[in-house]
Amino acid sequence: MKKTLRFIFLGIFFILASVHMLQAQRIRGALFAGTNVSQIDGDNLYGFHKWGANLGAGVIVPLNKKSTFFASMELLYSQKGSYEEFSPVDTGASPYYKATLNYAQIPFLLFYEDHKIVSGGIGFAWSRLVGVDEIEGGRQTASSVESSIFKKNDFSIMVDVRFRLYKQLKFNARYEYSLAPIGTKIYPVDGPVTLKNNVLTLRLIWVFNEKISEEALNDKR
């Protein structure tokens, strides 16, 4: 996991350095900081009770001269999972269940922006599992990245909305859902059940090079 986190931070540095070197061009940079609120569909628990980090950087490229269509790529550290504090049967164990799935994630999205205020986009993401922390009945399990419960790759679809708060600062709400199962669990009654990540992301975005990018586009008209 340490090697993967080092890779993420090096990737973020490379993105920001590239934007700085190309500041007279169309490319924009962005920093992301916020939280995921998630659940795992299929684990017999219900509700978005698991909170986790969503941090990283990305690049944004205008696709037309009016700066209304954009493409973006991000490099993120994203925590997903499931959480239930109390057991259906009072056993005194707390938490009853907690799964923290740490991912290195690369989303690709296409956006439409209206009057430089609000934008909406859709896309997909590839996530690589870099860490697992699972508790059942108040006890740590043997689950790990190498175990067979959770798959190492998660492919998901995304819907994204962004609102400009002040100049380069934006608020972002994103919904993400796994396209394929992220793992399988066996329950006494239900038998084998497939699992999928179900995630709502709330975060702030700081955009770099936005004004210069628009000037570069205007010069090419």
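Let me start with lysine 116, which counts as partly exposed because its relative accessibility is 36%. Lysine 116 sits in the loop between β4 and β5. Its phi is positive, about 60°, although lysine 116 is not a glycine. Before going on, I should say that what you have above is a predicted model.

A second residue belongs with that one. Lysine 167 also has a positive phi, near 50°, and is a residue other than glycine. Lysine 167 is in the loop between β7 and β8. Is lysine 167 buried or exposed? Lysine 167 has a relative accessible area of 57%, so it is exposed; the cut-off for that class is over 50%.

Now the overall layout. The protein has two helices and 10 strands. Going along the sequence, the order is α-β-β-β-β-β-β-β-β-β-β-α, so one helix comes ahead of the strands and the other follows them. There are 221 residues, and 45% of them are buried. If you take contacts between residues at least 6 apart in sequence, 66% of these join residues at least 24 apart. The accessible surface is about 11,600 Å², and carbon and sulfur atoms account for 66% of that area.

Next, the charged pairs. In general, side chains of opposite charge can pair when their charged atoms come close. How many salt bridges does the count give here? The count comes to 12 salt bridges. I will go through three of them and then a network.

The first on my list is glutamate 113 with lysine 170, a salt bridge with an N to O distance of 3.2 Å. This pair links distant parts of the chain: glutamate 113 is in strand β4, residues 97-114, lysine 170 is in strand β8, residues 169-178, and the two are 57 residues apart. Both glutamate 113 and lysine 170 are buried.

Then there is glutamate 134 with lysine 185, where the side chains meet in a salt bridge at 2.6 Å, N to O. Here too the pair links distant parts of the chain, with glutamate 134 in strand β5, residues 118-136, and lysine 185 in strand β9, residues 183-187, 51 residues apart. Glutamate 134 has a relative accessibility of 2% and so counts as buried. Lysine 185 is buried as well, because its relative accessible area is 8% and the class takes anything under 20%.

My last pair is aspartate 160 with arginine 174, whose closest N and O atoms are 2.8 Å apart in a salt bridge. Aspartate 160 lies in strand β7, residues 153-166, and arginine 174 lies in strand β8, so the pair ties together parts 14 residues apart in sequence. Aspartate 160 is buried, with a relative accessible area of 1%, and arginine 174 is buried at 2%. Which residues are joined with this pair into one network? Salt bridges that share partners connect Glu74, Asp160, Arg162, Arg174 and Arg203.

That brings me to glutamate 74 itself. Glutamate 74 is part of strand β3, residues 69-84. Its relative accessibility is 1%, so glutamate 74 counts as buried. The glutamate 74 side chain makes a polar contact with the side chain of arginine 174, at 2.8 Å. Another polar contact goes from the glutamate 74 side chain to the side chain of arginine 203, at 3.1 Å. Leaving out residues up to four places away in sequence, glutamate 74 touches residues including Phe32, Ala57, Gly58, Gln105, Ile106, Pro107 and Leu109. Arg162, Arg174 and Arg203 are among the residues it touches too.

Last topic, empty space inside. Rolling a probe the size of a water molecule over the atoms shows where empty space is left. The count gives one cavity of 30 Å³ or more. What volume does the largest cavity have? Its volume is about 90 Å³. The residues that line the largest cavity are Arg28, Ile60, Phe70, Phe111, Glu113, Ser119, Arg162, Lys170, Val207 and Glu210. Two names in that lining, Glu113 and Lys170, are the partners in the 3.2 Å salt bridge. Arg162 is in the lining as well, and Arg162 belongs to the network with Glu74.

That is what I have on this model.

Terms used
Residues are numbered from 1 along each chain as its sequence is written. This is a predicted model: local features need pLDDT of at least 70, side-chain atom pairs count only at pLDDT 80 or more; totals for chains, interfaces and linings use all residues. Side-chain values use heavy atoms; hydrogens and water are left out. Helices (H or I, at least four residues) and strands (E, at least two) are DSSP runs, numbered from the N terminus. Buried means under 20% relative accessible area, exposed over 50%, partly exposed in between (1.4 Å probe, protein chains only). Contact means heavy atoms within 4.5 Å. Accessible areas come from the Shrake-Rupley method with a 1.4 Å probe; for residues, only the protein chains shown count as cover. A polar contact is a pair of N or O atoms within 3.5 Å; within protein, one must be able to donate a hydrogen and the other to accept it, and residues adjacent in sequence count only if both atoms are side-chain atoms. A salt bridge is a side-chain nitrogen of Lys or Arg within 4 Å of a carboxyl oxygen of Asp or Glu. On a 1 Å grid over the protein atoms alone, a cavity is a set of points where a 1.4 Å probe fits but cannot get out, and a pocket is an open set with protein on both sides within 12 Å along at least five of seven lines; lining residues have an atom within 4 Å of a point. Grid points are joined across faces, edges and corners, and a volume is the space filled by probe spheres set on the points.
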